[in-house]
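Here are my notes on the model, as numbered points. They deal with empty space first, then with helix packing and backbone geometry.

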Amino acid sequence: MSDTFYGSDFDALESFDPEIAGVLLSELGRLRGGLQLIASENMSSPAVLTALGSTLSNKYAEGYPGRRYYGGCAEVDKAENLAIERCKALFGADHANVQPHSGASANQAVYGAFLQPGDTLLAMSLPHGGHLTHGSKVSFSGKWFNAVHYGVDKDTEDIDYEQVERLAKEHRPKVILAGGSAIPRLIDFAFFRRVADEIGAIFWVDAAHFIGLVAGQAIPSPVPYADVVSFTTHKVLRGPRSGAIVCTEAHRAAIDKAVFPMMQGGPQMHSIAAKAVNFKECATAEYQAYAAQVIANAAALAKGLGDHGIRPTTGGTDTHLSLHDLQPVLVTGVDAEARCDAAGITLNKNAIPFDPQKPNIASGIRVGTACVTTQGMGIAEMQVVADLIATAVTKGDADPGHRVSTEVRGQVSDLVRRFPAYPR
Ligand SMILES: *Cc1c(COP(=O)(O)O)cnc(C)c1O
C-alpha cells in the first residue's frame, strides 16, 4: 500500500479475487477494443472513477449537510456542499439535490414530491421516445399514477405539441413531463411552460439524456422554464452512474423530503463526491467544446447513415443521438444490433415511432456520440463509423466468424487504436 492510498488498490483485489479483477480488465479491454455507440453511455474520467472507488463509500450520512442523523459527517458534508454549489452554479438553479442514486430514483422522488397515488400525469409515451418511469404500466409510475401519454406527429416524427395542449386541457394533469430517452430534437420548453401555466400544473423536465449538452452550453436549458428538472449524471454529462434534481426555491423542501426520507436511505457519499468532480469538469471550456463536438458528430453520423438508406427519424438530430428506421434496408432492429455486435460495434435496437414490430424486434437502432467524442473522434471519423455500421447492418451476419463481420471488426480495431478509450 503506497502513501497515497485513498481506498482503491487493484493489486489487492487481483490477489484476493482474480475472477472479479479479470472482469474489470476484460471490460476495459471491451471498451478499448470496439465502438461504443449506446446513446446513454459515456466514459467518465479517471478523476471521477477515483472518487467512486474511495472510502467515502463507507460513510452513513442520512440527512443533509449540517443536519445528519450520524456523527462523523464533517468530511462528507464538504463533498456534498461542493456538489450542491457546483451543480447550482452549472445550471443556474435555485436549489440542487445531489442524493438520488440514479435517474429512476430521482424520478421517484419527483413523483413523491408532487403527486398522490391516482393523480394524473401527462408525459411522452415510451414507444414514441419517453421512458419507463414516465408512466409505463410495468413501472411503479404507471401502476400508482394515472399516466396520460402524448406522442410524436406522424409526419414530422417530432413531439406533437397540439396533442400535448389538447390532452392537458382535457385531462388537467397535476404534472406535465417533458423529456425521454429517444428524442433526437430540441424540446420547446416555453411551450410546455405556457400549457402548464394555463392549467395550473407543475412542469417537470426529465433531462437525463441531454443534460450534458445543457451543462456544456451547447443547447438551451430547461432550468429557466421548469419547476423541477431531474437527470442522470452518467450519460452525456460523463459523471458517475447516478442522479440529481434541480428545482426552484418554491419546491426545495418538497424535493428534499421526497428524496430523503421518503424514497431513499443513506446517500452514497462516494458517488456524491464523484458528482462534485464531474460538475467541476463540466464548467471548463474543454467540456463546452466537447458538448458542441458531440452534437456535430451526431449530425454527421445521422447524415452518414441516412446516405446508406438507414433513415434518421425527424430527418436528423439536434442532440447527441439519432434514431434510425431500418425498414428501407429491410433489416430488423434486433438483427442490426446482433450484426453490429459481431463486428465490434455496440449499439441498441430501438422502437421507432409507429413501429410495426414488437419492441423486442423493433424496426430501428439508436446511436449516440458521447463515447466516441470522449475518445477524440470528429466528423471525419463519423463518416467512417457510418460506413462501418452500414456494412455490418446490410451485409453482415450475427456470427463473428462471418467474413463481413471479421472485416468490419478489423476496421473498427484500426479506428479505435487511433482514438483509444482510457489511453495509457
Ligand atoms: C436513463 C434515463 C432514466 C433512468 O436512469 P437510471 O439511472 O437508469 O435509473 C430516466 N429517464 C430518462 C429520460 C432516461 O433517459
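1. The largest cavity holds about 130 Å³ of space. This is a predicted model, so read every value below as computed from it. Fourteen is the count to check here: of the 14 residues lining this cavity, I183, R185, I187, F210 and T319 are the closest to its centre.

2. What classes of residue make up the lining of the largest cavity? Eight are nonpolar, five are polar and one is charged. Both domains take part: domain 1 (52-282) and domain 2 (285-418) each supply at least three residues to this lining.

3. The count comes to two cavities of 30 Å³ or more. The second largest has about 60 Å³ of space. It is lined by 13 residues, and H128, V152, E157, A182 and P184 are the closest to its centre. The lining divides into seven nonpolar, three polar and three charged residues.

4. Where does the second largest cavity lie with respect to domain 1 and domain 2? It lies between them, because both domain 1 (52-282) and domain 2 (285-418) give residues to its lining.

5. Now the open spaces. The largest pocket has about 1,000 Å³ of space. Its lining counts 33 residues, and the closest to the centre are L24, L28, L31, L49 and Y422. By class, 14 lining residues are nonpolar, twelve are polar and seven are charged.

6. Which helix gives the most to the lining of the largest pocket? Helix 2 does, with seven residues. Helix 2 spans 18-33. Helix 1 (10-16) and helix 3 (46-52) are also contributors, each with at least two residues in the lining.

7. The second largest pocket has about 500 Å³ of space. Its lining has 22 residues, of which L126, G130, S181, N350 and A351 are the closest to the centre. The class split is ten nonpolar, nine polar and three charged.

8. Strand 14 (residues 348-350) gives the most to the lining of the second largest pocket, with three residues. N350, one of the residues closest to the pocket centre, falls within the bounds of that strand. Domain 1 (52-282) and domain 2 (285-418) both give residues to this lining, so the pocket lies between them.

9. Next, helix packing. The axes of helix 15 (residues 379-395) and helix 16 (residues 403-418) come within 10 Å. They cross at roughly 160 degrees. Angles over 145 degrees count as roughly antiparallel, and helix 15 and helix 16 are therefore roughly antiparallel to each other. Their crossing is left-handed.

10. How do helix 5 and helix 10 pack? The angle between helix 5 (residues 103-114) and helix 10 is about 115 degrees, with their axes 8 Å apart. The range for roughly perpendicular is 65 to 115 degrees, and the pair is therefore classed as roughly perpendicular. The crossing of helix 5 and helix 10 is right-handed.

11. Helix 10 needs a second look for its backbone. A cis peptide bond joins F260 and P261. Omega there is about 10 degrees. P261 is found in helix 10, which covers residues 252-263. Most peptide bonds are trans.

12. One phi value also deserves a check. T314 is not a glycine, yet its phi is positive, at about 60 degrees. Where is T314 found? It lies in the loop between strand 11 (311-312) and strand 12 (321-325). Most residues other than glycine have a negative phi.

Terms used. Residues numbered from 1 in each chain as written. Predicted model: local features only at pLDDT ≥ 70, side-chain atom pairs only at ≥ 80, totals over all residues. Heavy atoms only, no water. 1 Å grid on protein atoms, 1.4 Å probe; cavity = no way out; pocket = protein on both sides within 12 Å on 5 of 7 lines; lining within 4 Å. Points joined across faces, edges and corners; volume = space filled by probe spheres on them. Helix = DSSP H or I, 4+ residues; strand = E, 2+ residues; numbered from the N terminus. Nonpolar A, V, L, I, M, F, W, Y, C, P; charged D, E, K, R; others polar. Domains from an automatic or database assignment. Axes fitted to C-alpha atoms, helices over the stretch in contact; angles between N-to-C directions. Parallel < 35°, antiparallel > 145°, perpendicular 65-115°, else oblique. Left-handed = near helix turned anticlockwise from the far one by under 90°.
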